[in-house]
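Colleague: I would like to learn how to read a model of this kind feature by feature, beginning with what is hidden inside. Could we look at the structure together, taking the general idea before each case?

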Amino acid sequence: MSNIRKAFEKGKAFIPFITCGDPDLETTEAAVRAMAAQGADLIELGIPFSDPTAEGPVIQGANLRALKGGVKTDHIFRMVRSLRRDISIPMVFMTYANVVFSYGAEKFISTCRETGIDGLILPDLPFEEKDEFLPICRKYGVELISLIAPTSEDRISMIAAEAEGFLYIVSSLGVTGTRSEITTDLASIIRVVRENTDIPCAIGFGISTPEQAAKMAKLADGVIVGSAIIKILAEHGTAAPSYIGEYTERMKTAARRAE
């Protein structure tokens, strides 16, 4: 069983996202430790990119702050090595294809393996073009995680049938960001997913409150939260990790209420 799959073994998973280097990597590392201590089941680490097309203003701002602070991919790998000294829960990178290409795909993915990164999410990589990275990912045991969006429609069954790790279900059209209400017919999407794979699925984009987390967890195997955490970072800066830990505990508790 893959390390990612283990994140879903004990019930509904809470999956927080954080942009590495916002406001600095020391804060990122402390926040990851706080999230792990408070029950996060899997953590998405965002590698900042200058043109994050899937992101709304909140995470775009985090990317820009991190880049302005001088964070580099090698610095992030170094941080992951440090985290892996005592953090064992699954961690995946979420970034953009150009980041991987510019670093060198084989070098990037082999370093993921060496440092303990379990998977890779590339929101700008079309399913039909995943073979650009999939053979290298399989060579090094790094799972390439697929996304299913409301616009996937007839492609849902195909994407689900070939999924690895977990399926990232995008809750709403548009970019990341908190939403007051999620109106997509996610139940029908997940029904098609269930018919084609036993890979776990987690819903992301727009979830920010415990009430939303509980509602989404009733449909899926886990919930993903990013922008709400980045807002805590923007508000509290280097003091944010303790607040992020408290938020993680509340969201994890809410997700588990759906079991």
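Modeller: Let us start with burial: a residue is called buried under 20% relative accessible area, exposed over 50%, and partly exposed in between, with a 1.4 Å probe and protein chains only. By that rule Cys201 is buried, because its relative accessible area is 0%. Before going on, please keep in mind that this is a predicted model, in which local features need pLDDT of at least 70 and side-chain atom pairs count only at pLDDT 80 or more, while totals for chains, interfaces and linings use all residues. Residues are numbered from 1 along each chain as its sequence is written, and side-chain values use heavy atoms, with hydrogens and water left out.

Colleague: Cysteines make me think of disulfides, so how many are there by the rule used here?

Modeller: A disulfide is a pair of cysteine sulfur atoms within 2.5 Å, and the count by this rule is 0.

Colleague: Why does Cys112 not form a bond with Cys137?

Modeller: The sulfur of Cys137 is the closest cysteine sulfur to that of Cys112, but at 7.7 Å it is too far for a bond. Cys112 itself counts as buried, since its relative accessibility is 0%.

Colleague: How should I read a helix, and what does H2 look like in those terms?

Modeller: Helices (H or I, at least four residues) and strands (E, at least two) are DSSP runs, numbered from the N terminus, and the expected span of a helix is 1.5 Å times one less than its number of residues. Helix H2 (residues 25–37) has 13 residues and reaches 18 Å from its first C-alpha to its last, close to the 18 Å expected. An α-helix has 3.6 residues a turn, so residues three or four places apart point the same way. The buried residues of H2 are Leu25, Thr27, Thr28, Glu29, Ala31, Val32, Ala34 and Met35.

Colleague: What covers those buried residues of H2, and is the glutamate, Glu29, buried or exposed?

Modeller: The cover includes strand E1 (13–19), helix H4 (73–83) and helix H11 (227–236), among other elements. Glu29 is buried, with a relative accessible area of 18%. Contact means heavy atoms within 4.5 Å, and, leaving aside neighbours within four places in sequence, Glu29 is in contact with Met79, Ser82 and Leu83.

Colleague: Which residues are buried in H3, and what covers them?

Modeller: Helix H3 (residues 57–68) has 12 residues and reaches 16 Å, close to the 16 Å expected; its buried residues are Ile59, Gly61, Ala62, Asn63 and Ala66. Their cover includes E1 and H11. H11 in turn has Ser227, Ala228, Ile229, Ile230, Ile232 and Leu233 buried, and what covers these includes E1, H2, H3, strand E9 (222–225) and H12.

Colleague: Where should I look for backbone angles that deserve attention?

Modeller: H3 is followed by Gly70, with a positive phi near 90 degrees, and H11 is followed by Gly237, with a positive phi near 60 degrees. Phe205 has a positive phi of about 80 degrees although it is not a glycine; this residue lies in the loop between strand E8 (201–204) and helix H10 (210–219), and it counts as buried at 8% relative accessibility. The peptide bond from Asp22 to Pro23 is cis, with omega near 0 degrees, and Pro23 is in the loop between E1 and H2.

Colleague: Which residues does Phe14 contact beyond its neighbours within four places in sequence?

Modeller: Phe14, found in strand E1, is buried with a relative accessible area of 0%, and its contacts of that kind are Ala40, Asp41, Leu42, Val223, Val225, Thr248, Met251 and Lys252.

Colleague: Finally, how is a pocket read, and which elements give two or more residues to the lining of the second largest one?

Modeller: Rolling a probe the size of a water molecule over the atoms shows where empty space is left. On a 1 Å grid over the protein atoms alone, a cavity is a set of points where a 1.4 Å probe fits but cannot get out, whereas a pocket is an open set with protein on both sides within 12 Å along at least five of seven lines, and lining residues have an atom within 4 Å of a point. Grid points are joined across faces, edges and corners, and a volume is the space filled by probe spheres set on the points. The second largest pocket has a volume of about 180 Å³, and the elements that give two or more residues to its lining are helix H1 (3–6) and helix H12 (240–256). Among its lining residues are Asn3, Lys6, Ala40, Asp41, Lys252 and Arg256.
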